[in-house]
Amino acid sequence: MTRKNLKEEAISIHASHAGKIEVVSKIDISSEEDLSLVYTPGVADVCNTIAEDPLQANTLTSKGNMVAIVTDGTAVLGLGDIGPEAAIPVMEGKSMLFKKFAGIDAFPLSLDTKDVDEIVTIIKAMSPSFGGINLEDISAPRCFEIENRLKKELDIPVFHDDQHGTAIVVLGALVNALKVVNKSYKKVKIVINGAGAAGIAIAELLLFAGYEDITLVSLEGVLCKGEKWMNATQEDITLRTNLLGVRGELSDAIKGADVFIGVSGPGALKKEYIKMMNEQPIVFAMANPIPEIYPEEALEAGASIVGTGRSDYPNQVNNLLAFPGIFRGALDAKAKDITMEMKVAASYAIADVVSSSELNPQYIIPNALDPRVAEKVGESVRKIACKKSKANSSVS
């Protein structure tokens with residue numbers, strides 16, 4: 001399908017359905033008795049039950065299976081700050097994916113404000129209606145503060161998918177890629193090109209998972225202690241990355257690297273850079289729709305394994321592999337947070353979907369539409385969350 005045809009068909013299908021989602025009743029109302037049970041007077045007894053024990057809302061209302069997808073429209077796909085109304089189609093699409101792959105009801109909420117305090121206040125005020133909050137397409141560095149504050153102030157899971165969904169899938173893909181090239185995660189040198197929300201989150205998760213040699217690069221240059229142009233989040237990550245204190249640009253950081261992870265922009269990775277990498281280099285060029293380097297070019301330059309964010313090439317690194325299962329597991333466990341341990345468990349669950357007999361350079365990660373993924377991720381996350389809950393209970 002050409003780009004023109006895709007545009008026409010996408011607009012047509014959205015117009016013909018006036019959007020992609022609707023609210024559907026779970027219970028049929030066909031008699032006065034039905035009405036008395038779902039509304040007045042019967043509903044009053046349900047309300048009083050919840051008033052006496054607010055936790056009952058998780059089982060007596062939709063709250064326990066409802067996620068809010070919240071955006072301010074400032075970092076939508078690769079389109080940038082296009083506003084809250086223009087972000088709605090993406091949020092509706094996300095709602096569909098939650099339902100299809102994890103059976104979760106999700107509601108899109110586009111906020112007409114970029115003020116951090118206001119966004120936090122709004123989400124806190126509406127949180128009683130939801131079992132979890134999925135932050136989406138909010139630009140850095142504000143997204144870090146919004147998520148951190150909400151995680152501290154709410155007792156339901158808060159998850160910024162652009163950060164953590166990407167990081168989880170990258171780790172899952174990397175686990176299998178290293179098996180193919182027979183390299184140890186403790187010894188590989190990793191360069192992450194892009195030091196915004198996704199790049200920082202990838203670095204944080206890899207460090208937590210035991211990867212030691214990581215260097216980040218932004219448009220301004222290599223992240224290194226003492227650079228004046230870095231924001232607070234970037235300054236913090238330099239305390240644990242760029243162990244050799246490399247300065248300069250991507251071409252300086254990538255020398256001798258085993259893994260390139262791109263969450264930056266089109267054409268950022270040149271063929272000659274790949275030739276500067278270690279033997280059997282792994283390249284995840286995830287800028288969308290135009291990657292840092294096209295797979296065929298990366299392979300010509302000597303890459304052993306290539307992944308992208310695109311669906312028309314092998315090894316698509318797609319957040320869809322993470323967020324439905326992550327929330328399914330967290331909601332089922334009634335978790336109050338999504339921890340680093342839960343994220344690592346999700347990564348390994350994604351990797352494990354690809355059996356050892358199937359694993360090869362063209363297939364290191366399952367297809368985004370593989371129905372097994374959300375179930376396996378959800379179960380892994382639920383187990384970790386329940387284990388943590390039991391541990392906390394025994395301590396108290």
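This passage describes selected features of a predicted model, from an annotated domain and its active-site residues to the packing of helices.

The UniProt record, an unreviewed entry, places the feature "domain: Malic enzyme N-terminal" at residues 18-151. Over this stretch the chain is 46% helix and 12% strand, and the C-alpha atoms at its two ends are 34 Å apart. For "active site", the unreviewed UniProt entry lists Y39 and K94. These two residues span 56 residues in sequence, and their C-alpha atoms are 30.4 Å apart, so they do not gather at one spot.

The surroundings of the two listed residues can be described in turn. Y39 is placed in the loop between helix α2 (32-38) and helix α3 (42-52), and Y39 counts as exposed because its relative accessibility is 55%, where the cut-off for an exposed residue is over 50%. K94, by contrast, lies in helix α5, which covers residues 84-102, and K94 counts as buried because its relative accessibility is 6%, where the cut-off for a buried residue is under 20%. When neighbours within four places in sequence are left aside, K94 is in contact with I69, N134, E136, D161 and F323.

One of these contacts, F323, belongs to helix α14, which is formed by residues 323-332 and is mostly covered, with nine of its 10 residues buried. The buried residues of α14 are F323, P324, G325, I326, F327, R328, G329, A330 and L331. Just after this helix, K334 takes a positive phi of about 55 degrees.

Two packed helices are described by the angle between their axes and the distance between the axes. For α5 and α14, the axes come within 9 Å and cross at roughly 65 degrees, and the crossing is right-handed. On the side of α5 the contact is made by K94, L97, F98, F101 and A102, and on the side of α14 it is made by F323, P324, F327 and R328. When the residues of this contact between α5 and α14 are sorted by class, seven are nonpolar, none is polar and two are charged. K94, listed for the active site in the UniProt record, is thus also one of the residues through which α5 meets α14.

A second helix pair is formed by α6 (residues 116-126) and α7 (residues 142-153), which pack at an angle of about 35 degrees with their axes 10 Å apart. The crossing of α6 and α7 is right-handed. Helix α6 contributes V116, D117, I119, V120, I123 and K124 to the contact, while helix α7 contributes R142, E145, I146, R149, L150 and E153. By class, the contact of α6 with α7 has six nonpolar residues, no polar residues and six charged residues.

Several further positions add detail to this picture. D105 lies in strand β2, which runs over residues 105-110, and D105 is buried, because its relative accessible area is 17% and the cut-off for a buried residue is under 20%. Apart from neighbours within four places in sequence, D105 is in contact with K26, N65, M66, V67 and K99. L77 is placed in the loop between strand β1 (66-71) and helix α5, and with a relative accessibility of 63% L77 counts as exposed. With neighbours within four places again left aside, L77 is in contact with V90 and D137. The C-alpha atoms of L77 and D162 are separated by 9.3 Å, although these residues are 85 residues apart along the chain.

K7 is found in helix α1, which covers residues 3-17, and K7 counts as exposed at 53% relative accessibility. Between K7 and A330, which are 323 residues apart along the chain, the separation of the C-alpha atoms is 36 Å.

The cysteines were also considered. A disulfide is a covalent bond between the sulfur atoms of two cysteines, and the structure holds zero disulfides. C47 is partly exposed, with a relative accessible area of 45%, whereas C224 is buried, with a relative accessible area of 5%.

Key: Residues are numbered from 1 along each chain as its sequence is written. This is a predicted model: local features need pLDDT of at least 70, side-chain atom pairs count only at pLDDT 80 or more; totals for chains, interfaces and linings use all residues. Side-chain values use heavy atoms; hydrogens and water are left out. Axes are lines fitted to C-alpha atoms, for helices over the stretch in contact, and angles run from 0 to 180 degrees between N-to-C directions. Helices (H or I, at least four residues) and strands (E, at least two) are DSSP runs, numbered from the N terminus. A crossing is left-handed if the near helix is turned anticlockwise from the far one by less than a right angle, and right-handed if clockwise. Contact means heavy atoms within 4.5 Å. Ala, Val, Leu, Ile, Met, Phe, Trp, Tyr, Cys and Pro count as nonpolar, Asp, Glu, Lys and Arg as charged, and the others, Gly among them, as polar. UniProt positions are given in the numbering used here, feature names are shortened, and annotations may be inferred rather than shown by experiment. A disulfide is a pair of cysteine sulfur atoms within 2.5 Å. Buried means under 20% relative accessible area, exposed over 50%, partly exposed in between (1.4 Å probe, protein chains only).
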